[in-house]
Amino acid sequence: MSESRATAILSVYDKTGLIELAKGLAAKNVRLLGSGGTARAVREAGLEIGDVSDITQAPEMLQGRVKTLHPAVHGGILARTSLESDRKDLEAQKIAPIDIVVCNLYPFEETVGRDPAPTIAQAVEEIDIGGVTLIRAAAKNHDRVWVLCDPKDYGRFLSEYGQESEQAKEARNLFALKGFTHTAKYDDAISNYFRKEYAAPPHEPAQQITLRYGANPHQKPAQAYVTEGALPFKALGGSPGYINLLDGLNAWALVKELREATNRAAAASFKHVSPAGAAVAVPLSEAEARACFVHDLGELSPLATAYARARGADRMSSFGDIIALSDKVDEQTAKIISREVSDGVIAPAYDQAALDLLLPKKGGKYCVLQMDPDYVPAVRETRQVYGVTLEQRRNDLKVTPELFKERVTARKDIPDATILDMIVATIALKYTQSNSVCYALHGQVIGLGAGQQSRIHCTRLAGGKADNWWLRQHPRVLDLPFKKGTKRPEKSNAIDLFVEGAKLAGKELEGWQALFESVPSALTEEERAQHAAALKDVVVASDAFFPFPDNVHRAAQSGATYIAAPGGSVMDDACVDAANEHQMVVARTNVRLFHH
């Protein structure tokens with residue numbers, strides 16, 4: 001074998017462009033070696049090509065399972081011919097260097113995606129071993145060896161091969177990167193297949209579950225999986241959907257963090273990847289208990305209290321929510337859940353009496369998820385948008401009282417109860433679609449403006465929800481004369497229309513009036529103003545700076561006395577001046593909390 005003549009190994013499943021490449025290589029005096037069908041195809045085109053067995057002196061065996069796995073092949077590929085020791089090893093073993101590897105792999109993903117699906121034995125035979133090894137070996141030694149795994153690169157290779165230029169070196173580097181990527185995707189497809197076969201329920205531990213569909217029914221297939229350990233949750237009842245998991249896992253992270261930050265039981269009501277409500281266990285007043293529809297239950301457990309507050313923050317938005325609970329679910333909390341319309345619940349554990357109430361919901365299809373309380377996600381998180389992968393460090397910032405120590409207004413006093421509200425509001429913002437502003441009081445979110453492009457619209461939206469929350473505790477609202485048998489969702493909707501002063505007519509008005517024993521008169525402006533004036537000491541938190549003082553003025557209209565927000569706006573001083581005008585306290589957090 002002449003050492004001055006370059007050698008190429010060709011072993012491809014996809015033979016697109018193979019003959020043109022082989023002709024180009026032959027024209028450059030490159031010796032061609034091929035395996036199996038690749039060599040046969042080149043010979044049939046009238047080109048000279050040897051077999052891999054010419055250098056291995058070993059035939060293909062095990063029905064083709066072993067073709068290129070041999071030191072004569074991989075020693076020739078991996079040899080660093082610039083090192084004397086490697087050259088001596090090659091000489092001692094009578095191995096010639098290999099300079100070019102052309103290889104692509106069996107179509108494993110295509111095979112396992114067929115209908116009908118192949119058996120596991122059939123799928124196994126589509127797992128390429130020698131090809132992956134060829135590509136990885138050549139890619140590893142790309143300082144010398146060219147690797148081609150994509151027929152679209154053949155043309156560029158033929159134009160660059162033999163050139164001692166930076167452009168040629170760049171091409172060789174990029175082809176090596178493509179080789180590593182190709183084998184990584186291939187391995188991912190294989191592990192994805194076997195994860196479904198060997199690590200999905202009923203197998204334990206489960207790493208994968210198949211979902212009915214993605215965000216919408218036409219988005220199939222869909223799945224949830226982890227690549228290490230086990231899924232951190234398991235379904236005790238029902239079957240979680242894609243959006244259920246988006247809401248449930250975000251909601252769990254929120255309540256876990258609230259629990260750790262406050263040492264109180266915590267709950268969240270999640271809808272469309274933002275909290276409708278979130279709270280920790282702070283005892284309810286009689287009016288709050290009535291507004292939350294739990295006054296008939298007597299003294300509540302801490303977890304039941306937290307959930308009553310979370311659900312009661314914005315009952316309209318919480319309709320059909322996913323519930324997250326920080327502690328083991330007791331019977332009383334489950335009873336509150338059983339009376340409301342929701343899609344599912346996620347918690348670390350459940351009393352049997354709680355499961356007896358939850359599992360029959362929705363005809364036995366209610367989603368009950370048990371979360372591993374010790375699970376900690378990876379520091380690095382990724383997502384795909386339009387085919388592009390984005391990567392960042394997970395937002396693992398800890399919200400503590402230290403965050404609110406810098407106070408930039410004339411008034412600086414913040415009581416402990418308000419610090420609690422600041423913690424609740426700020427943690428809620430971490431898990432809310434930006435832009436977002438949160439109003440909080442008594443350990444709970446009372447109004448949340450999420451996903452608005454304009455900061456003032458967040459502040460107005462959240463403020464309007466806070467006003468609604470407060471007005472639902474007006475004595476006349478609490479005493480609305482609903483007919484016996486009126487369902488909770490009907491009450492919530494009727495109360496919302498009454499509180500908002502909606503202008504109804506026709507059938508809508510008739511339907512609303514039909515819910516009452518006697519039709520209530522509308523709240524007067526005087527009644528509204530008098531009740532609104534009693535709302536005080538509200539916390540307003542923002543996930544980014546207030547760009548203009550209009551946000552401060554609007555917050556003041558809804559009883560805000562305290563603001564927790566970062567600075568950074570050219571209008572910071574004007575916003576502080578506005579806060580001083582309203583005798584507010586502004587705690588400068590110096591932390592932005594965008595969430596997307």
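This report covers a parallel sheet, one helix and several salt bridges in a predicted model.

Residues are numbered from 1 along each chain as its sequence is written, and side-chain values use heavy atoms, with hydrogens and water left out. Because the model is predicted, local features need pLDDT of at least 70 and side-chain atom pairs count only at pLDDT 80 or more, whereas totals for chains, interfaces and linings use all residues.

**Sheet and helix H1**

Helices (H or I, at least four residues) and strands (E, at least two) are DSSP runs, numbered from the N terminus. An open sheet is formed by 5 strands in the order S3-S2-S1-S4-S5, with parallel pairing; two strands pair if DSSP finds at least two bridges between them. The edges are strand S3 (50-51) and strand S5 (146-148), each with a single partner strand, so one side of each has no neighbour in the sheet. Strand S2 (residues 31-34) runs parallel to S3 and is joined to S3 by 2 bridges. Gly-50 in S3 is the bridge partner of Leu-33. Helix H1 (residues 18-27) packs on the sheet and touches strand S1 (7-11), S2, strand S4 (100-103) and S5. The direction of H1 makes about 170° with that of S1, where axes are lines fitted to C-alpha atoms, for helices over the stretch in contact, and angles run from 0 to 180 degrees between N-to-C directions.

**Asp-86**

Asp-86 lies in helix H5 (residues 84-93). Its relative accessibility is 11%, so Asp-86 counts as buried (buried means under 20% relative accessible area, exposed over 50%, partly exposed in between; 1.4 Å probe, protein chains only). Leaving aside neighbours within four places in sequence, Asp-86 is in contact with Leu-78, Ala-79 and Arg-80 (contact means heavy atoms within 4.5 Å).

**Helix H21**

Helix H21 (residues 488-500) has 13 residues and spans 18 Å from its first C-alpha to its last, close to the 18 Å expected at 1.5 Å a residue; the expected span is 1.5 Å times one less than the number of residues. Among the buried residues of H21 are Arg-488, Ile-495, Leu-497 and Phe-498. The buried residues of H21 pack against helices including H14 (315-318), H19 (455-471) and H23 (525-532). Just after H21, Gly-501 takes a positive phi of about 65°.

**Salt bridges**

The whole structure contains 27 salt bridges, each being a side-chain nitrogen of Lys or Arg within 4 Å of a carboxyl oxygen of Asp or Glu. Three of them are tabulated.

| Pair | Closest N and O atoms |
|---|---|
| Asp-479 and Arg-290 | 2.7 Å |
| Arg-339 and Asp-296 | 2.7 Å |
| Arg-488 and Glu-340 | 3.5 Å |

Asp-479 lies in the loop between H20 and H21 and Arg-290 in helix H12 (residues 286-291), so this pair ties together parts that are 189 residues apart in sequence. Arg-290 is partly exposed, with a relative accessible area of 26%.

The pair of Arg-339 and Asp-296 links distant parts of the chain, 43 residues apart. Arg-339 is in the loop between helix H15 (331-338) and strand S12 (342-347), and Asp-296 is in the loop between H12 and helix H13 (302-313). Arg-339 is partly exposed at 23% relative accessible area, and Asp-296 is partly exposed at 48%.

Arg-488 in helix H21 and Glu-340 in the loop between H15 and S12 are 148 residues apart. Arg-488 and Glu-340 are both buried. A network of salt bridges links these two residues with Arg-311, Arg-315 and Asp-321.
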